[in-house]
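The following report describes the architecture of a protein model, from its overall dimensions to individual strand pairings.

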Amino acid sequence: MQDECLLQMRNIEKRFPGVLALNGVDFTLRKGEIHALMGENGAGKSTLIKILTGVYRMDGGSISIEGSPINIHSPQDAQNKGISTVYQEITLCPNLSVAENMFIGREKGVWVDQKTNEKRADEILERLGIPARGAKQLGNCSLAVQQMVAIARAVDMKCKVLILDEPTSSLDDKEVKMLFDLMRDLKAKGVGIIFVTHFLEQVYEVSDRITVLRNGELVGEYLTEELPQVQLVAKMIGKDLDELNTLGEAGEDGKTRSEEVYYEAKGLSSSEALPFDFSIRKGEVNGFTGLLGSGRSESVRAIFGADKVNGGKVKIKGEPVKITRPIEAMKHGIGYLAEDRKRDGIIAELSVRENIILALQVMNGFFKPISRRESEAFADEYIKVLNIKTASRETPVGSLSGGNQQKVILARWLLTHPDYLILDEPTRGIDIGTKLEIQKLVLKLAEDGVSVTFISSEIEEMLRTCSRLIVMRDRHIVGELTGKDLNQSQVMKTIAGGEAS
Amino acid sequence: MKKNGNDKVIKAKVKREPLTETQLLMTITICIFVVMYVLAMIVFEGGFLHAQQIFDMLNDNASLIIVSCGLTIVMIGGGIDISVGAVTSLVVMSCVLYLNNGGNIFVAVLLALGIGLAFGLIQGALISYLEIQPFIVTLAGLFFARGFTTILSINPQKVAQPAFVKLLDFRFEIGWLGYTAKNGTKIPATMEIGVIVAFVCVAAIFVLLQFTRLGRNFYAIGGNQTSALMLGINVKMTRFLSYVISGLLSGISGFVLMLHTGAGNATNAAGMEMNAIASSIIGGTLLTGGVGNVIGTFFGGMTLNTIKKIVVASGLNDPWWQSITTGGMLCFFILLQSIVLGRRARKKQKN
């Protein structure tokens with residue numbers, strides 16, 4: 001395994017206020033290899049990439065290219081040193097021609113010679129087998145071709161290290177294949193490629209080596225062919241398979257209390273989610289699980305009508321209904337606690353009281369305001385029930401801790417007395433005590449007949465609360481686990497897919 | 001023979017690329033202008049049949065065309081500059097007063113350029129380097145320039161300097177484009193100096209936008225600012241320069257306007273910024289940036305003026321009819337643009 005080392009990152013450390021984002025991480029890229037960088041959310045892979053591309057400065061460690069140590073000051077500097085990045089979102093100008101996009105920002109002098117540039121671009125594109133012409137306006141090319149033009153630019157800049165950050169997430173299968181062909185081609189030419197993706201199958205299709213990060217630490221570097229998929233998942237999530245097997249049947253049955261189906265969807269799809277079937281009984285707690293990007297959030301967002309719903313039949317209590325917008329979902333008794341509470345949840349400048357009554361106010365409509373006295377009573381009640389730690393009900397929510405912010409949003413939905421509550425990562429980034437409180441609350445709600453869909457990255461949490469787990473991979477539902485199957489190793493096997501053993 | 005064959009092969013291989021948005025919108029504007037003008041010639045005859053009609057439009061609007069060019073650059077870069085009219089007015093007033101106090105014409109030109117440049121530099125710096133909203137900055141510039149014009153003189157001031165008056169009265173006479181009046185005298189078509197300046201500006205900005213690195217960078221920052229940054233373009237500097245050029249053109253526009261009116265007035269060039277924005281938009285510049293061209297802007301301005309002339313020829317002499325038709329025109333073009341671009345986007349999606 002003594003291939004030629006291209007890029008060496010040693011002992012990389014990066015600190016953010018209060019967090020050690022990277023703790024002594026090593027990463028090695030060899031000439032002519034495709035190296036997948038894997039890890040769940042918060043594992044530190046994007047931090048590592050950003051250090052490599054000069055967006056962040058590292059707090060400790062060293063980087064060397066072809067044996068000579070380098071310092072990277074800016075994205076521009078990184079490119080000059082042979083490190084190019086192609087991001088998930090196309091970072092080219094759609095209003096310019098393909099050729100201009102390949103050469104702009106790199107030329108010297110006052111004048112631009114479009115004809116010569118277009119000819120040069122055509123040559124490069126032809127050599128790389130990219131189906132585009134230099135004179136064509138970039139915006140008229142497909143996304144895959146645009147991505148390839150970005151790669152062609154990088155290649156022409158004599159990049160040694162090419163970072164592909166989630167390049168395939170907006171491409172269809174055919175386009176992915178085109179991209180992979182190009183990647184293999186570049187690999188043969190000696191370029192080292194760092195491939196960041198959340199599609200496991202793609203990792204196995206194209207990569208030679210895998211480096212796994214978890215919680216800002218290096219888990220290990222493996223040859224792709226020597227690391228079964230289920231092991232990879234275990235390493236990403238942080239449980240060794242042996243340990244998992246001994247855990248045995250942790251999940252207990254009998255959490256279901258009613259046979260009445262509350263919500264049922266057939267072939268529901270949205271702009272973000274592929275068609276899926278789903279149902280939940282009254283008083284049932286179920287969960288969506290899968291790796292980040294597997295489509296679990298997108299699916300529940302479709303249930304709530306948060307994204308543009310494209311199709312599917314939905315029944316609530318047996319009655320066919322149409323839910324295309326959140327307000328319609330709310331009127332049918334569905335509440336949704338969004339994944340990103342900073343963006344989709346709290347309004348930081350408003351007080352605890354105002355945040356709590358928000359959803360109820362929306363449901364009542366603007367012409368039936370909730371009186372001040374009423375809203376104060378509601379706020380006080382839920383501050384007490386949920387044990388929200390706040391100076392007063394008029395304190396701006398933004399000044400509360402993460403856990404208490406989460407409780408405020410929970411209070412908001414509980415106040416609307418939902419029949420069905422969707423909680424997307426309600427426990428992310430909050431302390432363990434509050435986590436347990438929220439889990440208890442979920443179980444209590446279910447006892448009272450509320451259906452709950454619970455999503456969490458922590459599988460133990462899901463096993464503790466859910467009586468049924470829906471497993472997703474690569475935007476498809478790949479399994480449903482109940483009863484005896486509700487245990488860590490079974491969940492991971494299902495996440496990893498059939499070929500694992 | 002052999003050579004011929006090769007040519008054919010190449011021709012077959014080089015499939016014509018579809019028009020870019022810029023080209024498409026510009027073509028639409030030019031076509032509409034031509035159609036409108038020909039219709040006016042058929043329906044109204046009279047003045048429209050004489051070349052002088054076109055020269056009148058050019059004479060009256062040379063300064064508008066010049067500021068529109070500057071605005072087009074700013075808008076291509078994704079910004080806006082609403083100070084251009086007020087700066088033009090300030091330049092006129094300053095130069096008139098300077099000339100009347102025994103100033104030299106060449107120094108007056110420098111003064112005009114200097115005032116425009118100063119506004120461009122300051123506004124550009126505030127917008128690019130302090131990252132203040134361009135609308136706010138140039139609105140402040142507008143008030144500032146208007147106020148300063150009034151301070152200089154609240155009363156209209158006529159240029160009395162003999163050398164300048166000579167320049168003012170100077171006309172290029174183009175005999176073969178003239179016409180014969182009823183009494184048999186030949187009346188040549190006349191064109192002011194300002195028109196030549198306007199044409200030079202349009203040509204220069206066209207070359208700048210089309211063939212220079214800086215020009216293409218304007219398109220890049222307007223197309224996608226983050227991308228432009230990642231592509232290694234100095235976004236701040238580029239944006240700064242767009243406002244500097246716009247300011248400079250406002251200065252030139254001021255001098256040209258003075259050559260046209262020969263007088264300074266606090267209400268000079270009132271509403272010119274809005275007409276310039278309208279010209280740019282009709283000419284196919286998108287307010288969202290990244291798309292546009294000065295040739296289009298030139299025809300945009302001409303279209304706007306033709307419609308005004310048509311309104312007058314229809315006997316609707318009250319000034320509000322011109323405003324109403326301008327508004328209608330603008331709506332029509334924006335609708336047309338969004339329909340054309342929307343259809344394009346949908347077609348692309350299908351592919």
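**Confidence and overall form**

The structure is a predicted model. Chain A has a mean pLDDT of 84, with 92% of its residues at 70 or more. Confidence is low in one stretch: over residues 243-256 of chain A, pLDDT stays under 50, and the model has 23 contacts beyond four places in sequence for this segment.

Chain A contains 18 helices and 20 strands. Its radius of gyration is 25 Å, close to the 23 Å that the globule rule gives for 501 residues, so chain A is as compact as a globular protein of that length. Along the principal axes, the C-alpha atoms of chain A fill a box of roughly 70 × 55 × 45 Å. Of the 501 residues in chain A, 47% are buried. When contacts between residues at least 6 apart in sequence are considered, 69% join residues at least 24 apart.

**The four-stranded sheet**

An open sheet of four strands in chain A follows the order β2-β1-β4-β5, with antiparallel pairing. Its edges are β2 (19-30) and β5 (68-70), each of which pairs on one side only. From one strand to the next, the twist averages 25°. At the β5 edge, β4 (residues 60-65) is joined to β5(A) by three bridges, and A:Ser64 has A:Pro69 in β5(A) as its bridge partner. Helix α1 (residues 45-52) of chain A lies across β1 (5-16) and β2, running at about 65° to β2(A).

**The six-stranded sheet**

A second open sheet in chain A has six strands in the order β16-β17-β18-β13-β19-β20, and its pairing is mixed. The edge strands are β16 (334-337) and β20 (476-482), each pairing on one side only. The twist averages 15° from one strand to the next. Strand β19 (residues 468-473) and β20(A) are antiparallel and share six bridges; within this pair, A:Leu469 has A:Leu481 in β20(A) as its bridge partner. Helix α10 (residues 296-304) of chain A lies across β13 (285-289), β16, β17 (420-424), β18 (451-455) and β19, and runs at about 150° to β17(A).

**Strand β11 and its two partners**

Strand β11 (residues 261-270) of chain A pairs in the antiparallel sense with β12 (residues 276-281) over five bridges, and a hairpin of five residues joins these two strands. Strand β11 is also antiparallel to β14 (residues 309-316), to which six bridges join it. A:Ala265 illustrates both pairings: its bridge partner in β12(A) is A:Phe278, while in β14(A) it stands opposite A:Val314.

The antiparallel strand pairs described above are collected here.

| Strand pair (chain A) | Bridges |
|---|---|
| β4 and β5 | three bridges |
| β11 and β12 | five bridges |
| β11 and β14 | six bridges |
| β19 and β20 | six bridges |

**Contact between chains A and B**

The contact between the two chains takes 23 residues from chain A and 22 residues from chain B. On the side of chain A that touches chain B, the largest share comes from helix α2 (residues 75-80) of chain A, which supplies three residues. By class, this side of chain A has 10 nonpolar, eight polar and five charged residues.

Definitions and conventions:
Residues numbered from 1 in each chain as written. Chains lettered and ligands numbered in written order. Predicted model: local features only at pLDDT ≥ 70, side-chain atom pairs only at ≥ 80, totals over all residues. Pairing = 2+ DSSP bridges. pLDDT = per-residue confidence, 0-100. Contact = placed C-beta atoms within 7 Å. Nonpolar A, V, L, I, M, F, W, Y, C, P; charged D, E, K, R; others polar. Rg over C-alpha atoms; globule rule 2.2 N^0.38 Å. Buried ≥ 20, exposed ≤ 12 C-beta atoms within 10 Å, placed from the backbone. Axes fitted to C-alpha atoms, helices over the stretch in contact; angles between N-to-C directions.
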